Every structure is written in structure tokens, then in C-alpha cells.
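Biologist: I should be grateful for a close look at a single part of this model. Please choose one helix, describe it with care, and then place it in its wider setting.

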Amino acid sequence: MMTRYNLFRCFALVFLTGAVCIANLTAADSKRKVLYFSLSAGYEHSTVVSKDGKPSVSDNAITEVCKTAGIEVVCTKDGSVFDKDLSQYDAFLFQTSGDLSKGAKGHPDWALTATGWKNLVNAVRSGKGFVGFHPSTDSNRTGGDIYQSTPPDKITDYTRFIGAEFTVHGEHQEGTVNVIEPTPFPWFQKSGKSYRIFEEWYVHKNYNSDLHVFAVLDTAGMKGKMYNRPPVPIVWGRKEGSGRVLYSSFGHYDKYWQDKDNIQLVVQLIQAACGDLKTDLTPNIQTAAPEANVLLTKEDNVKIPYRVVDFTTLAGVPCPCGTSRRGLIDEKNFPGTIHRTDVDQTAKAHYHKTLTEVYYVISCEPGSVMQIDGKDIPLHADMAFYIPPGTVHCLVGKAKTFITVLPKFDPTDEYFPDKK
Ligand SMILES: [Zn+2]
């Protein structure tokens, strides 16, 4: 509601500047209305179970906490609501699961239709808000291997919209939440920069590059292969047109929603979605969680298979000093490459900025030398040379060599010293 003073101020502003006065309103002035959608087309969490048409645990919790913030909540599991006029709502809250276009078991009529989805996206793009809770990233997924990112052109519009796709959770356990600072949420300011709680910890894949991450799960020391990965974003936001999309992965348990303290983060996310809590959504995922899309850093009990490299079957590639046959180029578990190089002409003195090389001389013609940093070193079989980056080197003569290159060979990393 607008106070008389604000009404006056508003008219005065419009009169003086022609500005639209809505921007001058504060949360207390304007009554907000949000739509809470909790259709379970897949797994149904106890938090959204509605018995005999009675409100669910989360229906009650969200309605109650929003009331204190001047936000009216309409709760539904019927996705056909999105086929209708959405202009009365300031934000849309999702606590959904599964393929929403199928509706719920026994209620195909509750489906979120293609038209409904388009209406929702358009409403958000025009400036409204969206908040996804816990299982909402488990909706309209691409699925597939949980340790493989999806090709960008296959990622669903829904995943793009919400920001990432749920893959799996492990055994429920305590986990460490690291808050990315500065945080706009008073709840996080109270919790401290790092805190531990017991949850069902989701991991996701296909994180958008446009996310602003508010909190990550520190996976170090957690039980379960799915947590063998760098810190995982668990609360984030992004811009969708002029609107705001937020997501929080907390809330598996009824008690999360019934906790008077936890629920404060829920209402703050809703206020941020409505634009009433000022929230910077500039993408920061590259610095806050640069390895969010690294899905597995070490395999559990998986032995790396050995490889045989038969140089006699590899095609020779012309190189500045002769012919090179390069092995292990396609072996992701080996950090370099190995080359069998026949030097049959004078190589050009060169150096590498990144590559380190170890030359091993298998055989050579008499008189061949290795020039290193201007010094001639006579060659004979069974010698090796360690050539760190920045070392100018050149094999002069005829020789069969074996070269180990670390990291993997890169033909662009070849530089020639300035001639004086
Ligand atoms: Zn859960």
C-alpha cells in the first residue's frame, strides 16, 4: 500500500521529472503477489505433499513467512495456471520435479504446457522474478551420464532458464557451505562466511556461464563419488531479460521449511526475485566457482588402462628438423606427448615458452651436435638433454631421437631468438 506521503512524493516526481513513480516504491509500500508451483511429475518430496487438498509443509511455511513481508502467496500444483493471465503475479516459485509437461500421476491436466512455459518465460523477461527451490532443477532435464556435460545444443530451455541441471545426490550428510562475498542476503550475513549443515546435497551439471553464484558446497572430504569434484554452486541467480531468476538447493527436509531461521533465506530470495532486495546478478561464476562444470576429478577404484605406442605404425609428420611421429596425443591421462623424431637436416634454433622437452639420442652420425644456448655439445648414442622452457636449442646433423614433451605438444609454442 502506498502511504499518503509517498503518493504525494510520487505525484511530485512525475510532475517535476515525468518519471514513472513505480521505481520509487519500496517493498513496504507495494503489496506483492507470488505464485508457488509445486507439481511433482517425478519424485515427490514430503515437503510438497498435500493430503486431502490441505496445504503442504512448504505451502504453509512460504505463505506464513511471506505474510510478514507483505507478500501474498497463491499455492498450486496445477500447471494450467500458466496458460492464463500471469500479470497479477510479481514472481513465480517452483518446487517441482520430473517432466512438467506430463502433469502429475493421475493428473495429466496439471501439466505445464508449451504455451504456459512460454508465458512464464515472457513474464520473467518483462521484469518479473522466479525462484527455484531444491528439486526444481530436477525438472525437464536432459539426463544422460551424470559425469558428462551435455552438448550445449542439447541442453533444455528449462535448464538454461534455471541455470543448471540436477544430476544426483549422495548419502545425506553434513556439508560445508561457503558464502561468496559480498552477499546481498541478510541471512548469509548472519550465518557467517562458512558453516556446516546436514542436508541432501544436490550436485548439478550444465551450469550456465551467466550465473551469479551466492554460495557453494565445499565438497572436500564428502562421502560419495559424486562429490569428487571442485566446489559446487548451490545458491545462484541470473538475469533473464529484465527479470531475475534465483535458485536455492536447500530444503530436502520438512524441518528446513519449519525452521523459523532457515525460512528467512527463502523470503529473502523471493524479495530478491521481486526486485525488492537489491541483488547484483552480474555473472561471477568464473571467479566464484571456476570449476563448476568439472564433474569428476578422481575416479574411485578405477585403474587407468595402459597403452602401447608402436611408432612403426604412426604416420611421420614433417617438422622443422625432419620427420616426427607423435604418440599419446589422444591419451587424456598422460600429461604430455612422446615423439620419435628423425633429424635429417639442420633444425632452426628455437625455444618454447611452455613446453619442456627431454631429447634422448637413439643413434646419430659422427659430427652431430646439440646446440644449447649457443654452446655446441657433441652427440653420441644414449645421451639425453633436458630442455626447460626458454632454452634455445637446435640439433645439427643426422640423428634418431626420442623426445618427451610436457605438457602436450603444441606447434604454436615455437619461437625463434632475435637475430643480432
Ligand atoms: Zn531432496
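Modeller: A residue counts as buried here if 20 or more other C-beta atoms lie within 10 Å of its own. The model is a predicted one, and the part chosen is helix α7, residues 263–274. By that criterion, the buried residues of α7 are I263, L265, V266, V267, Q268, L269, I270, Q271, A272, A273 and C274. Eleven of the twelve residues are therefore buried, and α7 is largely enclosed by the rest of the structure.

The length of α7 can be checked as well. At 1.5 Å a residue, its twelve residues should span 16 Å. The end C-alpha atoms of α7 are 17 Å apart, which agrees with that expectation. Just after α7 comes G275, which takes a positive phi of about 90°.

As to the wider setting, the domain assignment of the chain gives domain 1 as 31–288 and domain 2 as 311–406. The centres of domain 1 and domain 2, taken over C-alpha atoms, are separated by 55 Å.

A sheet may be described for context. Six strands, in the order β12-β13-β14-β20-β15-β18, form an open sheet with antiparallel pairing. Its edge strands, β12 (317–319) and β18 (384–387), each pair on one side only. On average, neighbouring strands of this sheet are turned by 25° against each other, direction ignored. Three bridges join β12 to β13 (residues 322–327) in the antiparallel sense; C319 has G322 in β13 as its bridge partner.

Methods: Residues are numbered from 1 along each chain as its sequence is written. This is a predicted model: local features need pLDDT of at least 70, side-chain atom pairs count only at pLDDT 80 or more; totals for chains, interfaces and linings use all residues. Domain bounds come from an automatic or database domain assignment. Two strands pair if DSSP finds at least two bridges between them. Helices (H or I, at least four residues) and strands (E, at least two) are DSSP runs, numbered from the N terminus. Axes are lines fitted to C-alpha atoms, for helices over the stretch in contact, and angles run from 0 to 180 degrees between N-to-C directions. The expected span of a helix is 1.5 Å times one less than its number of residues.
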